[in-house]
Amino acid sequence: MEHSGIITAGLAVCMLTAVTAFGKKTNSIFKRHRYLLLDSRIIESAKTAKLTLGKTTKSKHNPLMAEDKPWEKRFDNLYANVIYDKEDKLYKCWYSPFIVDNSATGMTLEQRRKRRYRSPRGREMAICYATSKDGIKWEKPELGLVEYEGSKKNNILWRGPHGAGVFKDLRDGDPARRYKAFFQGICVAFSADGIHWGKAIRCPEIRVAGDTHNNALWAPTLGKYVGITRTWGRRKGRQVARTQSKDFLKWTRAKVVLEGLDKGHQTYAMPVFFHGGVYLGLVAIHDQKTDRVWTELTWSPDTVQWNRVCPNTPLIANSKKEMAYDWGCVYAGACPVFLADEIRIYYGGSDWHHGNWRNAFLCMATLRPDGFAGYEQESKDKPAIITTAPVTCAGDKLRLSADVSGSGSVEVTLLDKDNKDLAVGQPIKRTVTDAEVKWDKGFSFPKLKGKEIKFRFELRDSKLYSFGFHE
């Protein structure tokens, strides 16, 4: 499922398509300290420049977790929800395997091709729980909560919920609602510890089945919870749908916010998170012809209008070798884990077609900090020149994140809102993360705090991802 929409004009960038189902475009730029260059609202012009996806690197430890327990019959899409809990100093993962299903474990490629996969009667999904000290080596604790084939020696939290999104909500003052779940039905549930859950509370007003990885988050720019789920359209198949709530109990009717460019490539699930002043989505694209799934990048100013970055280009691509751990499907987990030196994107990978026999795994890919997408030169012959729209100076220093190759550089010129040059920064000639820009001729950047300013970036053999203000 991809989207129908309009192409952002006037920029030499990868095509951005924006769903306009709500009939509005959001052009306002709210105050913030960090700006991702993929946010087209902050780009006034881009000459001989193109916006390209960042480079993801799959972990050498992949796959991190496999279907190695008797109740893990089929991870399917895994629907992973991974957090690093700073309070407990622990990585936590809630994932949803089918515990009643037909397993592909031990099947050869020839056997898979000869025997058609069919799901059994009574097929059942569950929420399972795993932990890790380093996010690489995972353990599946015996929780003693739920019976499976006569024993409670398993890591099952809850039998029944399908496609559960789970997150820890530190802003909720009620400790009994610290952890929240949002799953097919649509239903919500609460937990004090993420392990022991209250009963499912139905939300019929949303009016979609939600047969996908359903996710919810607190949207800080809206002051509301937003739920991302799925519905179905006759013309383009699966569609991403959105609902919102003030209290996580009463929700609005879901409305479509993203769909496929054509029916052959359908949007399957889209975990959403807030970073760098925008909402980012990791949308799963299901190729109807090949029956394979990959993950692409989207962004939104408001969770309503969505823009695809380089449509049909995976942020996390499938392996090229058939029967490799993520050859068939790549389903991104609910929210990346942001570390000082990298962004970890956990995902469910599977080794064969979406609707066929397959083994699946928990996997991980990494990005450099702020490295979702950035600007670089269209041609090595000419530097890329990007001029921003006016932004409010919110700090005493300007910092940049960029990759710089060989003898390349990033040069920045400070402008007032009327395009008058105010100062020139010293060139940055190495790969940096949040590196402070030093200004020539003793210029005092702090005097601009609270004022509207612009920047002109000149890139040579480099790629610029973000800039930000720091005290």
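This is a short talk on the strands, sheets, pocket and cavity of one predicted model.

Okay, thanks everyone. Keep in mind throughout that we're looking at a prediction. I'll start with one strand, work outwards to its partners, then do two sheets, and finish with the empty spaces and one asparagine.

So, β23. That's residues 278-287, and 10 of the 10 are buried, so the strand is largely enclosed by the rest of the structure. For the general picture, side chains in a regular strand alternate between the two faces of the sheet. Here, Val278, Leu280, Leu282, Ala284 and His286 point one way, while Tyr279, Gly281, Val283, Ile285 and Asp287 point the other way. And yes, both of those sets are buried, His286 and Asp287 included.

Who does β23 pair with? Let me go through β21, β22 and β24 in turn. Strand β21, residues 265-267, runs antiparallel to β23 and is joined to it by 3 bridges. If you want a landmark there, find Gln266, which sits opposite His286.

Next is β22, also antiparallel to β23, with 4 bridges between them. Val272 is the residue facing Gly281 in that pairing. These two strands make a hairpin with 2 residues between them, and Gly276 in the turn has a positive phi of about 60°.

Then β24, residues 292-300, which pairs with β23 over 9 bridges, again in the antiparallel sense. Gly281 shows up once more: its bridge partner in β24 is Thr298. So if you're clicking along, Gly281 has Val272 opposite it in β22 and Thr298 as its partner in β24. The β23-β24 hairpin has 4 residues between the strands, and there Asp291 is the one with a positive phi, near 60°.

Now the sheets. As a reminder, strands in a sheet pair through backbone hydrogen bonds, either parallel or antiparallel. One open sheet has 4 strands in the order β17-β18-β19-β20, and the pairing is antiparallel. Its edges are β17, at 215-219, and β20, at 255-259, each pairing on one side only. From one strand to the next, the twist averages 35°. Inside that sheet, β18 (224-233) and β19 (237-245) are antiparallel and joined by 9 bridges. Gly227 is a handy place to look, with Thr243 as its bridge partner in β19.

There's another open sheet of 4 strands, ordered β13-β14-β15-β16, also with antiparallel pairing. At its edges are β13 (165-168) and β16 (201-202); each has a single partner strand, so one side of each is left without a neighbour in the sheet. Between β15, residues 187-191, and β16 there are 2 bridges, and those strands run antiparallel. Cys187 stands opposite Arg202 there.

On to empty space. You find it by rolling a probe the size of a water molecule over the atoms and seeing where room is left. The largest pocket comes out at about 1,000 Å³. It has 28 lining residues, and nearest its centre are Ile83, Phe167, Lys168, Cys335 and Pro336. Which strands supply at least two residues of that lining? They're β8 (81-85), β13, β17, β22 and β27 (337-338). The largest share, 5 residues, comes from β8. Notice some overlap with what we've just been through: β13 and β17 are edge strands of the two sheets, and β22 is the hairpin partner of β23. By class, the pocket lining splits into 19 nonpolar, 3 polar and 6 charged residues.

And the enclosed space? Counting those of 30 Å³ or more, there is 1 cavity, with about 30 Å³ in it. Its lining is Ala80, Val82, Leu282, Gly333, Ala334, Cys335, Pro336, Ile345 and Tyr346. That's 8 nonpolar residues, 1 polar and no charged ones. Leu282 takes us back to β23, and Cys335 and Pro336 were also among the residues nearest the pocket centre.

Last one, Asn62. It's in the loop between β6 (57-58) and β7 (65-66). Is Asn62 buried or exposed? Buried: its relative accessible area is 12%, and the cut-off for buried is under 20%. As for what the side chain does, there's a polar contact of 3.1 Å with the side chain of Tyr325. The Asn62 side chain also reaches the backbone nitrogen of Met364, at 3.0 Å.

That's my tour, thanks.

Key
Residues are numbered from 1 along each chain as its sequence is written. This is a predicted model: local features need pLDDT of at least 70, side-chain atom pairs count only at pLDDT 80 or more; totals for chains, interfaces and linings use all residues. Side-chain values use heavy atoms; hydrogens and water are left out. Two strands pair if DSSP finds at least two bridges between them. Axes are lines fitted to C-alpha atoms, for helices over the stretch in contact, and angles run from 0 to 180 degrees between N-to-C directions. On a 1 Å grid over the protein atoms alone, a cavity is a set of points where a 1.4 Å probe fits but cannot get out, and a pocket is an open set with protein on both sides within 12 Å along at least five of seven lines; lining residues have an atom within 4 Å of a point. Grid points are joined across faces, edges and corners, and a volume is the space filled by probe spheres set on the points. Ala, Val, Leu, Ile, Met, Phe, Trp, Tyr, Cys and Pro count as nonpolar, Asp, Glu, Lys and Arg as charged, and the others, Gly among them, as polar. Buried means under 20% relative accessible area, exposed over 50%, partly exposed in between (1.4 Å probe, protein chains only). A polar contact is a pair of N or O atoms within 3.5 Å; within protein, one must be able to donate a hydrogen and the other to accept it, and residues adjacent in sequence count only if both atoms are side-chain atoms.
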